[in-house]
Amino acid sequence: MELECVSDHIKVANKVYPCTVSLAMDLIGGKWKVVILYHLREGFKRYSELRKDLPGVTERTLSLQLKQLEEDGLVSRQVYGEKPPIKVVYSLTDFGKSFIPVLNAILGWGNQVALEKGEFINRSQV
């Protein structure tokens, strides 16, 4: 069964999209958003933990991507305390958790590609 968009355009949060794929890619597109969601899938993390999980991302990019994910309702940001040092943790919202099956599919496909076309290596070998 082929799945198609049921309308010519979709409007979400005052943005108009030509198809639902365009809508989805606006929410999760980019190099780091899906990777951030992947690292938050099992619970909350502090910003510094995410930085360690994503060694190739700049602080500015990580901050911007987290802010966009929060604005789009995929990630929740909670601040504990009022004066520095404050504790900030990020986690998936219920909407963000609805993306976990897609993350699992991407993970499975990525593992398959790695097995067929590449190899798994340790960080020390990078």
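**Sheet pairing and helix packing**

In this predicted model, strands β3 and β5 pair in the antiparallel sense, and two bridges hold the pairing. Within that pairing, K45 sits opposite Y90 of β5. On the β4 side, six bridges join β4 to β5 (residues 87-92), and this pair also runs antiparallel. Put together, the three strands make an open sheet with the order β3-β5-β4 and antiparallel pairing. The edges are taken by β3 (45-46) and β4 (75-80), each with a single partner strand, so one side of each has no neighbour in the sheet.

The β4-β5 pair deserves a little more detail. These two strands form a hairpin with six residues between them. In the turn, G81 has a positive phi of about 95 degrees. Across the hairpin, Y80 stands opposite K87 in β5, while Q78 faces V89 in β5. The pairing of Y80 with K87 goes along with a second relationship: K87 lies over the face of Y80, at 5.9 Å from the ring centre.

Stepping back to the whole chain, there are six helices and five strands. Read from the N terminus, the elements come in the order β-β-α-α-β-α-α-β-β-α-α. The C-alpha atoms fill a box of roughly 50 × 45 × 25 Å along the principal axes.

Helix α2 (residues 33-40) is a handy place to pick up the packing. This helix lies across β3, β4 and β5, and runs at about 100 degrees to β5. It also packs on helix α4 (residues 59-71), at an angle of about 75 degrees and with the axes 10 Å apart. The two helices, α2 and α4, are therefore roughly perpendicular to each other. From α2, the contact is made by K33, I36 and L37, and from α4 by L62, Q65, L66, Q68 and L69. Sorted by type, the residues of this α2-α4 contact come out as five nonpolar, two polar and one charged.

A further partner of α2 is helix α6 (residues 100-117), where the axes come within 10 Å and cross at roughly 105 degrees. Here too the angle means that α2 and α6 are roughly perpendicular to each other. The meeting residues are V34, L37 and Y38 in α2 and L103, I106 and L107 in α6. This contact of α2 with α6 divides into six nonpolar residues, with no polar and no charged ones. L37 turns up in the contact with α4 and again in the contact with α6.

As for the aromatic rings, the count of aromatic pairs comes to zero. What the model does show is charges placed over rings. Y38, which takes part in the contact with α6, has R41 over the face of its ring, at 3.8 Å from the ring centre. The other example is back in the hairpin, where K87 of β5 is placed over Y80.

Conventions:
Residues are numbered from 1 along each chain as its sequence is written. This is a predicted model: local features need pLDDT of at least 70, side-chain atom pairs count only at pLDDT 80 or more; totals for chains, interfaces and linings use all residues. Side-chain values use heavy atoms; hydrogens and water are left out. Two strands pair if DSSP finds at least two bridges between them. Helices (H or I, at least four residues) and strands (E, at least two) are DSSP runs, numbered from the N terminus. Contact means heavy atoms within 4.5 Å. Axes are lines fitted to C-alpha atoms, for helices over the stretch in contact, and angles run from 0 to 180 degrees between N-to-C directions. Rings of Phe, Tyr and Trp (its six-membered ring) pair if their centres lie within 6.5 Å; planes under 30 degrees apart count as stacked, over 60 as edge-to-face and the rest as tilted. A charge sits over a ring if NZ of Lys or CZ of Arg is within 6 Å of the ring centre and within 35 degrees of the ring normal. Angles under 35 degrees count as roughly parallel, over 145 as roughly antiparallel, 65 to 115 as roughly perpendicular and the rest as oblique. Ala, Val, Leu, Ile, Met, Phe, Trp, Tyr, Cys and Pro count as nonpolar, Asp, Glu, Lys and Arg as charged, and the others, Gly among them, as polar.
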